[in-house]
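The following exercises are to be worked with the sequence and the model at hand. Each task is followed by a solution that proceeds step by step.

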Amino acid sequence: MKQIVLSLLANAGGVGKTTLSVHIAYEILRRGFSVALIDLDPQRSLDVFCGLEPVEAVDSSAYMLSKEFKGDWQMASSWGEEKIEVCQGHPMLAEVANDLVVRKRGEYVLADRLKKYPLPHELVILDCPATLGMLNVNALAASTHVLVPVQLEMKSISGSAELVEWCISTGDELQLEPRPPILGFVPSMYDDSIAIHRQYLQQLPEITEQLGLKLYPRIRCSNEFKNSSAHGLPLQKYRPAHKACKDFKQIADDLTALIKDK
Ligand SMILES: Nc1ncnc2c1ncn2[C@@H]1O[C@H](COP(=O)(O)OP(=O)(O)OP(=O)(O)O)[C@@H](O)[C@H]1O
Ligand SMILES: [Mg+2]
């Protein structure tokens with residue numbers, strides 16, 4: 001068994017990072033593994049998606065990244081599942097991010113935390129903010145793997161290609177060994193009644209091939225995603241029979257293989 005630390009990164013807001021984070025977490029839980037979700041977003045979206053009350057800064061990931069942290073992880077279990085634990089976000093993360101710029105080893109704080117005070121979970125998922133700032137640099141430095149949700153819009157697709165460049169150049173600057181590989185692109189919110197979605201989905205294989213990346217099956221667009229997260233639940237728990245529950249299978253298969261180190 002190997003601990004996998006997966007960053008959900010995108011070069012744009014609202015493309016499905018948090019949605020993907022929680023659904024992957026639940027899928028991996030169903031396969032018998034434990035999962036930690038770490039919210040690195042000052043907007044603390046995971047609170048809503050995981051049905052959790054907001055916490056004070058001292059109980060959040062902002063404290064975990066602060067100088068005061070002594071390994072006392074504050075984790076809340078979610079969805080009534082002991083094996084899913086969340087390190088919740090807080091608006092103070094924005095200030096912490098500024099502070100990281102001038103801190104020694106500021107880029108490696110999260111990596112250092114996970115090394116010095118390891119979490120017991122088989123999978124750690126880092127839900128990142130949309131801007132490629134210090135928090136995302138920390139996520140990259142702490143990751144074993146990266147996954148990139150891509151919306152079927154020109155802005156998101158070109159942003160994703162830039163993100164790949166960013167991962168490579170930042171990984172090289174930080175001298176990450178190895179540089180965390182990008183598992184692949186995940187087309188998100190796909191609506192087959194929208195012509196431009198169909199067109200971009202057709203074009204994506206060529207783009208990912210050029211980038212040397214894997215292309216995962218699309219996650220379909222459904223209002224039930226919004227409804228389930230409004231209830232603080234993943235779709236698999238809210239509407240277990242919904243077709244979109246199957247859309248995460250291939251990602252979960254790959255992560256399971258990585259956890260089992262096969
Ligand atoms: N497959 C989908 N079908 C329909 N709605 C979706 C789908 N995936 C995500 N959404 C909705 O789109 C919105 C943005 O999704 P999400 O919060 O996961 O994106 P994000 O990349 O984490 O955003 P942010 O940049 O704000 O962190 C949410 O309201 C979410 O419920
Ligand atoms: Mg988010």
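**Exercise 1. The shell around the ligand**

How many nonpolar, polar and charged residues does the shell around ligand 1 have?

*Solution.* The model is a predicted one. Step one is to sort the shell by class: 7 residues are nonpolar, 9 are polar and 3 are charged. Step two is to pick out the nearest residues: of the 19 around ligand 1, these are Gly13, Lys17, Thr18, Thr19 and Ala130. Step three is to assign helices to the shell: α1 and α9 (223-230) each contribute at least two of its residues.

**Exercise 2. The overall form**

Determine the secondary structure content of the protein and judge its compactness.

*Solution.* The count of elements gives 11 helices and 7 strands. The radius of gyration is 17 Å, and the globule rule gives 18 Å for 262 residues; these values are close, so the protein is as compact as a globular protein of that length. Along the principal axes, the C-alpha atoms fill a box of roughly 50 × 40 × 35 Å.

**Exercise 3. Helices α4 and α5 against α6**

Describe how α4 packs on α6, and then how α5 meets α6.

*Solution.* Two quantities describe a pair of packed helices, namely the angle between the axes and the distance between them.

- For α4 (residues 93-102) and α6, the angle is about 75° and the axes are 8 Å apart. An angle from 65 to 115 degrees counts as roughly perpendicular, and α4 is therefore roughly perpendicular to α6. Leu93, Ala97, Leu100 and Val101 of α4 make the contact with Met134, Leu135 and Asn138 of α6. By class, this contact of α4 with α6 holds 6 nonpolar residues, 1 polar residue and no charged ones.
- For α5 (residues 109-116) and α6 (residues 134-142), the axes come within 7 Å and cross at roughly 40°. That angle makes α5 oblique to α6. From α5, Val109, Leu110, Ala111 and Leu114 meet Asn138, Ala139, Ala141 and Ala142 of α6. The contact of α5 with α6 has 7 nonpolar residues, 1 polar residue and no charged residues.

Asn138 of α6 is thus named in the contact with α4 and in that with α5.

**Exercise 4. Helices α1 and α11**

State the geometry of the crossing of α1 and α11, with its handedness.

*Solution.* The axes of α1 (residues 17-30) and α11 (residues 249-259) come within 10 Å and cross at roughly 60°. The two helices are therefore oblique to each other. Their crossing is right-handed. On the α1 side, Ile24, Glu27 and Ile28 take part, and they meet Ile251, Ala252 and Leu255 of α11. The contact of α1 with α11 comprises 5 nonpolar residues, no polar residues and 1 charged residue.

**Exercise 5. Backbone features in loops**

Which residues does a cis peptide bond join, and in which loop is Arg44 found?

*Solution.* The cis peptide bond joins Glu177 and Pro178, with omega about 0°. Pro178 belongs to the loop between α7 (154-173) and β7 (182-188). Arg44 is found in the loop between β2 (35-39) and α2 (45-49). Although Arg44 is not a glycine, its phi is positive, at about 40°.

Key:
Residues are numbered from 1 along each chain as its sequence is written. Chains are lettered from A and ligands numbered from 1 in the order in which they are written. This is a predicted model: local features need pLDDT of at least 70, side-chain atom pairs count only at pLDDT 80 or more; totals for chains, interfaces and linings use all residues. Axes are lines fitted to C-alpha atoms, for helices over the stretch in contact, and angles run from 0 to 180 degrees between N-to-C directions. Helices (H or I, at least four residues) and strands (E, at least two) are DSSP runs, numbered from the N terminus. Angles under 35 degrees count as roughly parallel, over 145 as roughly antiparallel, 65 to 115 as roughly perpendicular and the rest as oblique. Two residues are in contact if their C-beta atoms, placed from the backbone, lie within 7 Å. Ala, Val, Leu, Ile, Met, Phe, Trp, Tyr, Cys and Pro count as nonpolar, Asp, Glu, Lys and Arg as charged, and the others, Gly among them, as polar. A crossing is left-handed if the near helix is turned anticlockwise from the far one by less than a right angle, and right-handed if clockwise. A residue is near a molecule or strand if its C-beta atom, placed from the backbone, lies within 6 Å of it. The radius of gyration is taken over C-alpha atoms; the globule rule is 2.2 Å times the number of residues to the power 0.38.
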